[in-house]
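Biologist: Got a minute to walk me through this one? I'd like to start with a single residue and work outwards.

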Amino acid sequence: MASKRGKQTVRDMILSMLVITAVAGVVYIFIPHDDKADPIKAVDYRVELATARRAAPYPVAAPAGLPDGWKPTSVSYEGQNGAGWHLGFLDPDDKYVAVEQSTTPAQKYIPEVSQDAENTGRTRDVSGQAWEVWKGPKYDALVLHAEGVTTVVTGSAPADRLAEMAASLKTASADDAAGAPAAS
């Protein structure tokens, strides 16, 4: 009697697995999915930019006039602990570029946002301003020091893309923030 019950249990388990597999297959076939869809969604950063420009103790920088192909992917403003502004992008080659600004002391802030990049001692002229060149194992960075604020353009993109982003940065009043580009 015991061996018959054991065979029924194994048979029932196999039948249950077949039913579950069939249901999963039907669900997979009939639920739409697009394997070619871009998993990274563009964000519209206009509201956060306007808010940051009103709240920040420094002129908040954001790109203006970037060519097609740049995709904004992340945005944040933290008014406490250094008043940090972050705006992340993918460049036309899907490399990461971020604009970071803060009143946090530069010696602490720059390595944090640039993933431990180090100052090379060189500068690069971008739109008439001397930006420090930083190199790192993961990200490189261009750094600009202004009174009370450090601006860092960092990421995995090549140096020319970082410079392109740095050259596009503009500061404006909160009233002008409505002109920021929308997500594409």
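Modeller: Sure, let's start with A83, which counts as buried at 5% relative accessibility; buried means under 20% relative accessible area, exposed over 50%, partly exposed in between (1.4 Å probe, protein chains only). Keep in mind that this is a predicted model, where local features need pLDDT of at least 70, side-chain atom pairs count only at pLDDT 80 or more, and totals for chains, interfaces and linings use all residues. Residues are numbered from 1 along each chain as its sequence is written, and side-chain values use heavy atoms, with hydrogens and water left out.

Biologist: Where is the place of A83?

Modeller: Strands here are DSSP runs (E, at least two residues; helices are H or I, at least four), numbered from the N terminus. A83 sits in the loop between β2 and β3.

Biologist: What separation do the C-alpha atoms of A83 and T104 have?

Modeller: Along the chain, A83 and T104 are 21 residues apart. Their C-alpha atoms are separated by 7.7 Å.

Biologist: Is Q101 buried or exposed?

Modeller: Q101 is in strand β4 (residues 96-102). Contact means heavy atoms within 4.5 Å, and beyond its neighbours within four places in sequence Q101 has contacts including A83, W85 and Y109. At 2% relative accessibility, Q101 counts as buried.

Biologist: Which backbone oxygen does the side chain of Q101 reach?

Modeller: A polar contact is a pair of N or O atoms within 3.5 Å; within protein, one must be able to donate a hydrogen and the other to accept it, and residues adjacent in sequence count only if both atoms are side-chain atoms. Here the distance is 3.4 Å, and the partner is the backbone oxygen of P59.
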